[in-house]
Each structure stands twice: as C-alpha cells, then as structure tokens.
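Dear colleague,

I am handing over the structure below, and I would be grateful if you could look through it alongside the notes that follow.

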Protein chains: 2
Amino acid sequence: MNLSKRSEYALRALIDLGIARELGRPILQVSELAAKEKLPIKFLEQILTQLRQAGYVETKRGKLGGYALAKPAARIKLGAVIRLLDGPLAPIACVSQSAYERCTCPDEAHCGLRMLMLDVRNAIARILDRSTLAQIVEITLRKMRRDKVPVPFARHSFGLNDLVRLADSKSSRS
Amino acid sequence: MNLSKRSEYALRALIDLGIARELGRPILQVSELAAKEKLPIKFLEQILTQLRQAGYVETKRGKLGGYALAKPAARIKLGAVIRLLDGPLAPIACVSQSAYERCTCPDEAHCGLRMLMLDVRNAIARILDRSTLAQIVEITLRKMRRDKVPVPFARHSFGLNDLVRLADSKSSRS
DNA sequence: TGCCATCTCTACTGAACTAGTAGAGTTTTA
DNA sequence: TAAAACTCTACTAGTTCAGTAGAGATGGCA
C-alpha cells in the first residue's frame, strides 16, 4: 500500500506551487522547491518534467525561469497525479478501474479476496479522486494561519531573492 | 498502493482454509491449496510457513498432514495478515500507526500531504482491521450457494481422496 | 521396520523497480 | 555574452519481488 517517493515528491511540489500561486508567486524554481522540501534537485527535476508532459505544470526557461501550475488547482485531482506516477490505485489488478486485468482465480464473482480489495480500492479512490489540489492548498493555508505559523513562499517573508531585488532597486534609484 | 503476491496468496490460502473448515475439512494440503488457486507450490509453502510462525495456521506433518487454521476465523483480522507480510498499511511512514517514522517535511502538523495520506490510511485500515476471515468466508459461501455455484472443498464434491476412502471402507466391510 | 507422502529449512537467483546521480545541451534574461 | 535557469539522455547501486531448488525431518501405514 505504498506511495512511491516519486508520487510523494510530485504531490509536495504541486502543493507548494499551489500555495505559492495563492500567495502571489506563480513561478518557483526547482532549487526553491528542492530546498524547501529537502529533496534531491535532479530527481525532482525529472519528476517535474513528467508533470509538465502530463500538463500539470508549465515552465519558463532561462534566467528567472521556473515552474508554475498549468491549470487551476481546483482542476487537479490528486488521484490522477498518483496514477500518472505510480500506476493504478487498486491493490490488485482485478479491481482496478483504470487498468483492469483478470486474475488467476477461477470465478471473480465469487472471490472473497476480490470483494475485499474492491472495497479497499473504492475507499482509496473515493478520497483521492475527489480531493483536488485547491482543497489541500486551502486547508493547509487555513491551518497555518490559524496556528500563526509562518507561511512559506509569502512575499513578505524575505529571502535572498528579495534582498537582491531590494538592493537592485535601491542602487538603480540612486 | 499495491498488495504483494505474498499477501495475496496468503489471504487466498486463509480463505480456502476457512471455507474448508466450514465444510468439515479442517486440514488441507499445500498441494490442494496450490492446485485450487493455481499458485507455485514451493512459494506457497514459504508463505504458509510464515503464517504458521505468526500463529495463523498450524500444521500436521507426515502422511495425511497439511495445514489448518490455528484459531477461530472470527479472530483473524485481515489487516494484521497484510501487515505481517507486506508491512504497514499506510501509504507513507509518517501516517503509519504500526510503524511511524518522521518524514522530511518541516512541520507535520501543517503538512497537506500528510493530512491527505492520513485520510487514505484510515480508510484502508478501517476496512482491513475490521474485517475478519470469518466474515469473508461467510459472505463467499453465501454468494456461492445463492448463485448455485459448486462449493470447493465440500465433502460431497468427490475428489481422489473421497474415492480412496470409499474404496477403503467398502473393502473393509466386505 | 521400511516406505512414502507430507511438511521444514536454508540458500540461491533473474528480473524489475526504486531512488537517485551525472553531465552535456538549450533557452532566456540582464 | 555570461549566468542562471530548464531539458534530455544515460547510467547505476541497491533493494524487492516472485519465485526455484534441494536436502532434511516427521509421521502414518503396510
């Protein structure tokens, strides 16, 4: 019943992109994402490429480039993301909707194991196919604000980039 | 979200043993189990050994030996069997009850991914930790009888063993 | 007693998968 | 034009999966 690291990192990255957009920073760089989640940068890059090819994110190349969500967070279903990276949600192929395969049991209609696993698969799919990135982002932000935890990617939380930008604007004005 | 073959075969075997006991045949041989489910016999043997060590089945060695459930089917929780063979039910370690491990995210309490996966883990556990072998066996048998499908391991479905026994009893009477 | 069917235990293995690493190449901006 | 980003392809060490193999122990029966 494992979620692979690929899927885990993909979801973390999407959630971060969702949060950042919500806070007015639509584009994040791989290095930022990797740093925040402490992920190997090259591996994350690969995953983001996969997400781009599937239409979840879009990229801006060159200096000041980065990744952004390619569609509204409300239209990104988390189940679909996991299916993309990890394959079917179902514990065994004979109860998969997206990748059904007959199993070796003589009579599916009277297979106890199958009935059980169908329940499990439906329970998983009910959660994952209903929840959208927008929901997760919203809940996360609400919780953080309620608990007065500093929100990541916020404009007002100054990072190195902000300092640089500030210095630039000052020097150009002088 | 995969169930390994190990777990799958273990559950199939347990269900078969449960059905067989219900029909008055408490002991089955590996060869019978393997034949019915079309599983590699040596692999199944390994799995049954594991089930024995964990106290789910007991064995009778020697001629006419075989495997039987070691406790009432109502006391065998399917979640526990899967945990034994496949490890924790949770998709990621930071939401596992049985094998919790901290993950790399800075703040678990405000991790969106964690909230989602906690939901998934609970949904899975709710099903698997509540359902017992007895339930599965009962449902399976009821369905089979309702649909008039021949029930496996039944005494009245004559196999080689029955013929032998019949021949024996006849010759002893004559 | 000896035979044979059964379970037991340990070791091995090929294939696939996982979680990366490496590095040269392309694009864009300042 | 240099630097900072993304892009693409290839490679890999380690682990897991799904078995296979075979010698050994045990118990029932003739």
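Within chain B, the residue whose C-alpha comes closest to the rotation axis is Met1(B), at 1.9 Å. A turn of 180° with a shift of 0.0 Å along that axis lays chain B on chain A with an RMSD of 0.0 Å, the superposition being by least squares on the C-alpha atoms of residues with pLDDT of at least 70 in both copies. The two copies are therefore related as by a two-fold rotation axis.

Please bear in mind that this is a predicted model, in which local features need pLDDT of at least 70 and side-chain atom pairs count only at pLDDT 80 or more, while totals for chains, interfaces and linings use all residues. Residues are numbered from 1 along each chain as its sequence is written, and chains are lettered from A and ligands numbered from 1 in the order in which they are written.

As for DNA strand C, 24 residues lie around it, and Ser4(A), Lys5(A), Pro40(A), Gly62(A) and Gln29(B) come nearest, where a residue is near if its C-beta atom, placed from the backbone, lies within 6 Å of the strand. By class, this surface has five nonpolar, 10 polar and nine charged residues (Ala, Val, Leu, Ile, Met, Phe, Trp, Tyr, Cys and Pro count as nonpolar, Asp, Glu, Lys and Arg as charged, and the others, Gly among them, as polar). Elements that each supply at least two of its residues include helix 3 (41-53) of chain A and strand 2 (66-69) of chain B, with helices (H or I, at least four residues) and strands (E, at least two) taken as DSSP runs numbered from the N terminus.

Best regards
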